[in-house]
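Here is a short note for a colleague who is opening this entry for the first time. Please keep the viewer open while reading.

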Amino acid sequence: MRIDIITIFPKMFDPVVNESIVKRAQQKGKVKIALYDLRDYTPDKHRKVDDRPFGGGSGMVMSPAPIFNAVNAVKKTSKSLVVLLCPQGKKLTQKIAKKLAKYKHLILICGHYEGVDERVRQELVDEEISIGDYVLTGGELPAMVLTDAIVRLIPGVLGDKNSLNFESFEGNLLEYPHYTRPANFKGLCVPSILLSGDHKNIEIWRNKEALNRTKQRRPDLLKEK
Ligand SMILES: C[S@@+](CC[C@H](N)C(=O)[O-])C[C@H]1O[C@@H](n2cnc3c(N)ncnc32)[C@H](O)[C@@H]1O
């Protein structure tokens with residue numbers, strides 16, 4: 001898989017793409033992540049990528065030309081999916097992350113200011129993704145969130161592939177609680193079933209805990225198909 005990210009702040013991505021699991025995924029050859037500075041694609045001699053909004057009003061709008069140039073330069077085939085990070089897009093869920101993880105090539109566009117010229121959405125963008133109902137200053141953090149959510153789903157990226165089968169949002173449930181050593185920490189004891197070695201009953205206990213937790217915290221998940 002290849003993820004190309006178009007941004008005016010490529011350096012912001014360093015700690016995310018060059019650390020931990022995302023870094024190891026690249027070292028293992030599971031994903032290639034490349035950053036493109038939008039300013040390298042502007043026809044403006046002062047490297048400007050924004051302009052005032054037609055019709056007046058506050059803020060600046062990201063001009064279409066640099067974004068069209070950048071996307072056309074990195075788009076390899078018609079199978080590439082162009083994603084605009086945008087608070088007005090579909091809210092990111094694990095299901096959406098799974099769907100996007102199946103693509104061979106994603107191009108992520110990070111907006112800024114008041115957002116991008118509408119013609120970018122009309123002509124270039126296949127999907128608009130929001131990471132939640134709040135407004136951030138730019139699309140870089142959303143692009144990092146999306147990249148992380150996708151990369152860990154690529155087969156072979158996580159050491160133990162079972163981690164993906166038993167985690168929150170699988171089967172519309174939140175995950176069961178976890179404990180590690182010591183069995184007694186400041187008088188707080190691990191449920192005895194987990195120390196029993198009885199794997200069948202441990203599984204039953206975990207399923208029950210996952211269901212209770214979901215009912216308490218996210219009953220909406222149980223109604224999802
Ligand atoms: C200040 S926001 C623009 C908000 C826009 N004026 C609006 O009201 O819908 C600038 C950029 O940050 C990114 N952004 C902000 N919040 C986001 C969110 N919740 N999810 C995804 N991207 C977001 C987008 O790329 C957006 O173009």
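The points below go from the overall fold to the ligand site, and then to two loops.

1. Status and make-up. The model is predicted. Its chain holds nine helices and nine strands.

2. Overall shape. The C-alpha trace spans about 70 × 40 × 35 Å along its principal axes. The radius of gyration of the chain is 22 Å. For a compact globule of 225 residues, a value near 17 Å would be expected.

3. Where the ligand is. Which pocket holds the ligand? The ligand sits in the largest one. Two elements give two or more residues to the shell around the ligand: strand 5 (81-91) and strand 7 (127-130). Strand 5 gives the most, with four residues.

4. Who surrounds the ligand. The ligand is surrounded by 20 residues. Leu85, Gln88, Gly111, Glu114 and Tyr134 are the closest. By residue class, the shell has ten nonpolar, nine polar and one charged.

5. Polar contacts and burial. Start with glutamine 88. An N or O atom in the side chain of glutamine 88 is 2.9 Å from an oxygen atom of the ligand. Next come two contacts through the backbone. A polar backbone atom of glutamate 114 is 2.9 Å from a nitrogen atom of the ligand. For tyrosine 134, a backbone N or O atom lies 2.8 Å from a ligand nitrogen atom. How much of the ligand does the protein bury? Taken alone, the ligand exposes 580 Å², and the protein buries 85% of that.

6. A backbone angle to check. Look at tyrosine 113. Its phi is near 55 degrees, which is a positive value in a residue other than glycine. Tyrosine 113 lies in the loop between strand 6 (105-110) and helix 5 (118-123). Glu114, one of the residues closest to the ligand, can be viewed alongside.

7. A peptide bond to check. Is the bond from arginine 181 to proline 182 cis or trans? This peptide bond is cis, with omega near 5 degrees. Where does proline 182 lie? Proline 182 is in the loop between helix 7 (162-165) and strand 8 (184-185).

8. A viewing order. Begin with the ligand in the largest pocket. Then pick out glutamine 88 for its side-chain contact. Add glutamate 114 and tyrosine 134 for their backbone contacts. Finish with the positive phi of tyrosine 113 and the cis bond that leads into proline 182.

Technical notes
Residues numbered from 1 in each chain as written. Predicted model: local features only at pLDDT ≥ 70, side-chain atom pairs only at ≥ 80, totals over all residues. Heavy atoms only, no water. Near = heavy atom within 4 Å. Polar contact = N/O pair within 3.5 Å; in protein donor to acceptor, adjacent residues only side chain to side chain. Areas by Shrake-Rupley, 256 points an atom, 1.4 Å probe, with all protein chains shown as cover. 1 Å grid on protein atoms, 1.4 Å probe; cavity = no way out; pocket = protein on both sides within 12 Å on 5 of 7 lines; lining within 4 Å. Sits in = over half its atoms within 2 Å of the grid points. Nonpolar A, V, L, I, M, F, W, Y, C, P; charged D, E, K, R; others polar. Rg over C-alpha atoms; globule rule 2.2 N^0.38 Å.
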